[in-house]
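User: I've got this model open and want to know what backs up the labels people put on it. Can you walk me through them?

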Amino acid sequence: MIHKRTLRRWLGIITLASLFLFNSVAAYVVTASKGGKAAGRSDIITIDTMKSFGDLERPAVVFYHEKHSTAVEKKGKDCTACHLSENDRFSLKYMRQEDEASEAVMNIYHNNCIACHQETAASGDQSGPVECGECHKEKIEISSIWAPIGFDHSLHYRHAKAQEEKCGACHHAYNKTTKKLFYDKGKEGTCRYCHKAEAEENRISNKAASHMACIDCHRKTLAQKKTAGPITCSGCHNPADQELIATVDPVPRMKRNQPDAVLLKAVGKEQKNPDLVRMNSVPFDHMAHEKYNNTCRACHHADLNACGSCHSLAGSKESDNVKLEQAMHQLGAESSCMGCHAEAQTDTRCVGCHSSIPKNRMKNLNECGACHMTDPTGSAAGSGKLDGAVIADALLKSRTLLAGTYAEADIPEKVIIKRLADEYKPVELPHRKIINTLLNNIKDNRLAGYFHRENGTVCQGCHHNSPAAKKPPECASCHGLPFGEENIHKPGLKAAYHRQCMDCHDAMGIEKPVATNCTGCHGKKA
Amino acid sequence: MSISRRKFLGWLAAAGSSAVISKRADAASNKHFTGYPGSKGVLYDSVMCIGCRNCETSCNKVNDLPAPDKPFDDLTVMDAHRRTDAKAYTVVNKYQNPNYPKSPLYRKIQCNHCLEPACASACFVRAFTKTPSGAVTYNASVCVGCRYCMIACPFEIPAYEYDSAFSPRVMKCTMCHPRISKGQLPGCVEACPTEALSFGKRDKLLKLARERIRKYPDRYVDHIYGEREMGGTSWLYLSAVPFKEIGMREDLGVTPAPELTAGVLGAVPMVVGLWPVLLTGIYAINKRNQKVAASESEAAVADALGQATLEAETKLSEALAKAEKEKAEAVEQEVKKALEEAAKAQEEDESDEGEDGTGEIKTEEDA
């Protein structure tokens, strides 16, 4: 028998040693890379139905749908092998219509999956797992490349044509009294207006709705030996396959009785008192704007009605207390006019000047009139004498959509910057070339053209913080010594020169001249 | 030597209470020091920095530093990360921008001129001074070359002239203290073409930085590095990405370095000065008490012993006397008895003439 003292000593040594070892082993364990070695799949479904019954006892099962659908197809079966159908509509659930008791659901999965796997293995084909841990895996090696898909104008047009303009084939509404779906002509909208990301009371989720509607129709059409859309996961959700979807360009305009020109009035369903409306109505070119987005949802985020129908001047419960002013002007919001216009300024052709212009729309209140136009006929603010659309049309037509420029003779071709020339020679700035490039960038863009319509507006990109003029002030008029106590925010002249040029080049991705190549702009003095 | 538990606890209590009742050392940071009023600083905006190394060139020229191995317009030196060294008060490093891999980010490294510098706190010969202008300056004439400052600096800035045999100096940025005292700009600030470096009063620079963040929230991370790090530095930084990505430590906290050591250092005088005296005193007193007690007890013992001896002798002599007396009395009694016996016997003899006449004469011995 070991002596007690020796035993204690050895126990002590072993405890200490194991403490060190266990702590250092953790440092060597390399966590499996999330990227995965195998190429990604777009058909990964995580089966965690049991979550609705409580905490999961085992990890959720990762299921590759396409693997199974191809295998099932090879055996000469179709979707009905796993999906029960009722009234010619498939259940998206596996081998059941409803989730009943937890035990029952679990058994459905276990019994059917394992039985099929065993059968397939018995017949000599490659089969799936039958053991617990092989389905209920902790770590998943394959990454998902699932990409969402939706309708854009082109895809919608193709479907509408295939249905011969019978919108009721897809679009429906729900009658709460009769508890039935029906086709509400003239009120068609996107599925997402009703079917949200999560299933609601008596309303299936968008995911379920799209799969049921789309795949069902495709399947039936294919059965009739006609061309149809995909019925596999990857056919819609694999980015590579998405590229193969044919596009129609230019897309003919969707026929939904939408207006060409609208006069945006604040008076509507919510706002009944016209006296409270203080700003001029805004003429809006609806037809032109349809082309600027892939979907109508970009602006019509809740329904296909006018913005003012929910967004009253003071906000309403329906509009989530978002006032009309916010809905139109909120920067950073995708659906607001100004938000989208500000987003347009981040285009590479525009961002050179616009990245350094602080976004403060309150700066120039005279610019409100660019949208809130005064109607020359005097019937603005929706007084109702003339039809809104007519007024809007007239106002829109009165706009100049071309950038204003001075005569070429008035724009200096080269500007010699020699005020700070010391170590380096003066800079020969190719002034006219830069302006012409900017004007070229604006040329085809109606938004840019309209907002630069006044002469001298383009010049204000560089000749900033001063009124637009034919002879705008030079940089040295305002920029002088740096770090003045009173002007801590105004850069000195050297930095003003360098930053103005370099920031624009950087934002627009202009690679030559490189900012660090001093002699690229001004040669070194001998 | 063995001391009793009680004594040990007593010493502990004495030492401990002296620690508790003494006032905490005021190492210049029991209030929050926000810098000398009107002290200057530099704001470095890494968003505006183009990595041209003009600042390095100018610093080298203004401070008469030796020429570098590779010229300053060679931008490939930034492919490796460098640090300040004995020949370079400042270097610019290049970092990859995680959001825009094609546009790298730059960061200029130099002394941050902390409001409460760790180097000044660690230096026991006061070679570093935090000047009212904001610069932390170095006095080579008192430096002993221990390099504690290099260990103390959380940003690892001070460098040392190891190659110099007889007069090595600690080399670090001086914020061009002589120049700014004359109203000029620091060399790096003057040379920067884009004003990525801004010079001015520290509180004005903070306002400038905040305004830049407010105007261009997409460009900047909403944090001014150096505003509170290590108690605040005079060199402030703005960045487009988290500061970790441009090689700056984000784990430093806001406590100034001197405050971290103030507690311990404040205790040193007490430990080194007070405790030896106090504890030695207590020990001495105890020892003396012991000695006195020992001698007293000895005296008491001797006294008691003497007492006892005296008593014993007295008792002995008394007992002896008593015994003598008893003996004498006993003898007397016997004699008396014998005489009586003899007298009695004689009487019998006389009366017994007519009888046996064998009268025994009882002698003393028989009685």
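Analyst: Sure, starting with a helix: B:L12 sits in α1 of chain B, residues 5-21, where helices are DSSP runs (H or I) of at least four residues and strands (E) of at least two, numbered from the N terminus. This is a predicted model, so local features need pLDDT of at least 70, side-chain atom pairs count only at pLDDT 80 or more, and totals for chains, interfaces and linings use all residues. Residues are numbered from 1 along each chain as its sequence is written, chains are lettered from A and ligands numbered from 1 in the order written, and side-chain values use heavy atoms, without hydrogens and water.

User: What makes A:E485 and B:K204 a salt bridge?

Analyst: The rule wants a side-chain nitrogen of Lys or Arg within 4 Å of a carboxyl oxygen of Asp or Glu. Here N to O is 3.6 Å, so the pair qualifies. Between chain A and chain B the count is 3 salt bridges.

User: How do you know how many residues of each chain are in the contact?

Analyst: Contact means heavy atoms within 4.5 Å, and that takes in 17 residues from chain A and 25 from chain B.

User: What makes the peptide bond between A:D249 and A:P250 cis?

Analyst: Its omega is about 0 degrees. A:P250 lies in the loop between α8 (239-243) and β7 (261-264) of chain A. Another cis bond joins A:K512 and A:P513, with omega about 5 degrees.

User: Why point out such bonds?

Analyst: Because most peptide bonds are trans.
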